[in-house]
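Trainee: I am new to this structure. Could we go through the terms used for it and what each rests on?

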Amino acid sequence: MRRMMAAFIALMLLAPPAAHAVQPDEIMSDPAKESRARELSRELRCMVCQNQSIDDSDAPLARDLRLLVRERIAAGDSNSQVLDFLVARYGEFVLLKPRFERQNLLLWLLGPVLLIGGALALWLQIRRRARSGADVPAPPLTPEEEARLAALMSDDAKSS
């Protein structure tokens with residue numbers, strides 16, 4: 001057990017820390033602009049990795065997108081202008097968090113609607129079950145039913 005624990009600790013110490021994929025040659029000289037670029041990069045999806053931001057991805061396309069973001073910032077675009085440019089070029093899918101707009105309404109509202117619908121169905125089922133008296137105990141057995149049950153039980157005891 002001690003060896004296993006020591007191996008685990010050694011592995012954790014030797015494991016490389018999580019790092020951003022931004023290369024040194026991509027970093028902007030102005031720290032404020034670089035901060036904006038990093039913020040925008042965390043909001044954009046890598047089209048290759050799909051569930052990873054371009055800030056975290058090592059894919060060549062993610063690098064191209066990071067450079068494009070930095071070019072647009074250097075040209076004087078605001079954050080919303082950079083995002084609008086990328087959405088116009090690559091579609092809404094490039095955003096990790098889709099915008100709340102008419103074409104995305106189903107995406108945003110389907111989850112809560114299904115959750116509320118499921119809760120309503122569960123509540124109605126519980127109400128219906130309570131009204132039907134499903135919790136009412138069964139009436140006692142008649143003498144004939146008790147005799148038949150005793151006979152069946154004795155047959156089971158003999159066969160076992």
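Mentor: Start with one helix pair in this predicted model. Lys33, Glu34, Arg36, Ala37, Arg38, Leu40 and Ser41 in H2 meet Arg66, Val69, Arg70, Ile73 and Ala74 in H3.

Trainee: What makes these residues count as a contact?

Mentor: Contact requires heavy atoms within 4.5 Å, and the residues listed for H2 and H3 satisfy that. Sorted by class, the contact holds 5 nonpolar, 1 polar and 6 charged residues.

Trainee: Why are H2 and H3 called oblique to each other?

Mentor: H2 covers residues 31–43 and H3 covers residues 60–74, and they pack at an angle of about 135°. Roughly perpendicular ends at 115 degrees and roughly antiparallel needs over 145. The angle falls in neither class, and the pair is therefore oblique. Their axes are 10 Å apart, and H2 passes H3 in a right-handed crossing.

Trainee: What is the pattern of the protein chain along the sequence?

Mentor: The pattern reads α-α-α-α-α-α, with 6 helices and 0 strands.

Trainee: How do you know what residues 105–124 are?

Mentor: The label comes from a record: UniProt, in an unreviewed entry, places the feature "transmembrane region" there. Such annotations may be inferred rather than shown by experiment. In the model, residues 105–124 are 100% helix and 0% strand, with the end C-alpha atoms 28 Å apart.

Trainee: What makes a residue count as buried, and how many percent of the chain do?

Mentor: Buried means under 20% relative accessible area. Of the 160 residues in the protein chain, 20% count as buried.

Terms used:
Residues numbered from 1 in each chain as written. Predicted model: local features only at pLDDT ≥ 70, side-chain atom pairs only at ≥ 80, totals over all residues. Heavy atoms only, no water. Axes fitted to C-alpha atoms, helices over the stretch in contact; angles between N-to-C directions. Helix = DSSP H or I, 4+ residues; strand = E, 2+ residues; numbered from the N terminus. Parallel < 35°, antiparallel > 145°, perpendicular 65-115°, else oblique. Left-handed = near helix turned anticlockwise from the far one by under 90°. Nonpolar A, V, L, I, M, F, W, Y, C, P; charged D, E, K, R; others polar. Buried < 20%, exposed > 50% of the residue type's maximum accessible area, 1.4 Å probe, protein only.
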